[in-house]
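Colleague: I'm new to this one, so could you walk me through it?

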Amino acid sequence: MDKAREILCQSLTWRKQHQVDYLLETWSSPQVLQDYYTGGWHHHDKDGRPLYILRLGHMDTKGLVRALGEESLLRHVLSINEEGLRRCEENTKVFGQPISCWTCLVDLEGLNMRHLWRPGVKALLRIIEVVEANYPETLGRLLILRAPRVFPVLWTLVSPFIDENTRKKFLIYAGNDYQGPGGLVDYIDKEVIPDFLGGECMCEVPEGGLVPKSMYRTPEELENEDIRLWTETIYQSASVFKGAPHEVLIEIIDASSVITWDFDICKGDVVFHIYHSKRAPQLPRKDPLGAHGITSPGVNNVQLIDKSWTLGQDYSMVESPLTCKEGESVQGSHITRWPGFYILQWRFHNMPACAATNLPRMDDVLATLQVSSHKCKVMFYTEVLGSEDFRGSMTSLESSHSGFSQLSAATISSNQSQSSSMISR
């Protein structure tokens with residue numbers, strides 16, 4: 001009783017401090033949320049509980065975080081929970097019985113490695129923490145549909161932060177299992193099953209898509225609004241010159257670890273490589289290895305592969321080269337098969353020479369020379385996830401090599417078809 005009273009007092013204080021009681025009247029969702037946040041209310045389930053639908057697989061989580069910041073996303077999720085409480089009160093009157101919780105249906109079609117973007121996952125964990133602390137027992141049931149093979153990886157990262165009683169309310173369906181007995185029809189009337197799940201009811205939940213980069217906001221803009229997500233950036237910056245690539249060293253002790261990366265090409269075009277060596281490269285001075293063997297922040301033009309090394313003998317390529325154009329964002333992973341030293345390399349992309357029989361215009365030549373004479377700039381983040389952290393989910397991660405979701409494929413050009421299927425943009 002004392003513990004319950006303490007938690008209740010903390011929640012009431014939190015509501016007062018942040019004016020949560022007035023959130024529905026004062027909070028107005030930004031247009032980017034209205035257009036790209038793939039969630040919305042949709043009728044009710046068979047028990048009269050309000051039904052909320054979230055098409056997570058179609059949501060550009062990185063784009064929303066970069067365009068809005070963590071604070072706006074948190075406020076939006078809180079407004080959803082407040083609206084859920086209001087709808088529960090209304091349905092209590094309509095159905096003549098107490099209704100104190102709501103049902104959430106999460107469609108994971110399209111979920112891939114892009115959704116495991118680490119800052120986005122960290123924002124999700126904070127949101128879960130706030131909701132768990134202030135909206136206990138308001139979730140009656142969570143239906144997870146069309147879970148792909150990569151889902152166990154996300155579940156392993158998130159589930160420890162979800163209360164055990166809440167986890168018991170989760171029902172997970174893979175593929176089309178939800179269409180048969182024990183599926184949706186057991187919990188939702190056939191007449192209100194959304195059309196994109198094989199039903200006949202039109203659903204007004206936005207389909208989402210990629211948030212345009214023109215809507216992205218700089219870290220400085222987010223900091224000025226007291227949004228803490230970007231005050232301690234986890235990204236490093238590097239300049240890449242012709243003949244002077246930037247390289248990051250990662251030492252792997254246990255095979256079947258996962259190297260993840262996320263980088264933006266801020267200027268110029270680069271080629272991204274991943275190499276493996278049994279030998280330890282000679283490290284530059286004043287550049288001690290940090291956690292997981294990642295080079296320290298703020299170091300430009302770090303070169304680790306000795307010029308005397310021979311490809312195929314001293315080191316080997318473990319992923320096909322990926323050409324990355326200016327303005328592109330790249331996220332991906334590599335499952336290590338051997339212990340040793342892995343090197344992530346960003347190399348200046350040389351423009352192909354023009355054929356003599358097809359002379360270019362002078363302005364094209366000048367533009368090419370201008371681009372070629374400038375350095376490339378990359379902002380990157382990389383992390384190693386140990387195999388023990390996945391608790392048996394590694395097989396599912398390896399099986400997720402089947403390709404890109406439609407969401408990621410929309411931004412992939414034809415010249416990327418040779419790249420690893422674990423890389424999404």
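Modeller: Here is a short tour, and please keep in mind that this is a predicted model.

Colleague: Okay, how much space lies in the largest pocket?

Modeller: The largest pocket holds about 1,200 Å³ of space, and its lining is made up of 43 residues, with Leu 54, Leu 124, Ile 127, Ile 128 and Leu 142 lying nearest the centre.

Colleague: And which helix or strand gives the most to that lining?

Modeller: That is H6, which supplies eight residues, while the other elements that each supply at least two include strand E2 (50–54), helix H5 (70–95) and strand E4 (139–145).

Colleague: How do the lining residues divide into nonpolar, polar and charged?

Modeller: In the lining of the largest pocket, 32 residues are nonpolar, seven are polar and four are charged.

Colleague: Staying with H6, at what angle do the axes of H1 and H6 cross?

Modeller: They cross at roughly 115°, and the two axes come within 9 Å. On the H1 side, Ile 7, Ser 11 and Trp 14 meet Val 130, Ala 133 and Asn 134 of H6, a contact whose residues divide into four nonpolar, two polar and no charged.

Colleague: Switching to loops, which residue between H6 and E4 should I look at?

Modeller: Look at Glu 137 in that loop, which has a positive phi of about 60° although it is not a glycine.

Colleague: What about Arg 146, is that one buried or exposed?

Modeller: Arg 146, in the loop between E4 and H7, has a relative accessible area of 15% and is therefore buried, whereas Glu 137, at 49% relative accessibility, counts as partly exposed. Arg 146 also has a positive phi, near 55°.

Notes: Residues are numbered from 1 along each chain as its sequence is written. This is a predicted model: local features need pLDDT of at least 70, side-chain atom pairs count only at pLDDT 80 or more; totals for chains, interfaces and linings use all residues. Side-chain values use heavy atoms; hydrogens and water are left out. On a 1 Å grid over the protein atoms alone, a cavity is a set of points where a 1.4 Å probe fits but cannot get out, and a pocket is an open set with protein on both sides within 12 Å along at least five of seven lines; lining residues have an atom within 4 Å of a point. Grid points are joined across faces, edges and corners, and a volume is the space filled by probe spheres set on the points. Helices (H or I, at least four residues) and strands (E, at least two) are DSSP runs, numbered from the N terminus. Ala, Val, Leu, Ile, Met, Phe, Trp, Tyr, Cys and Pro count as nonpolar, Asp, Glu, Lys and Arg as charged, and the others, Gly among them, as polar. Axes are lines fitted to C-alpha atoms, for helices over the stretch in contact, and angles run from 0 to 180 degrees between N-to-C directions. Contact means heavy atoms within 4.5 Å. Buried means under 20% relative accessible area, exposed over 50%, partly exposed in between (1.4 Å probe, protein chains only).
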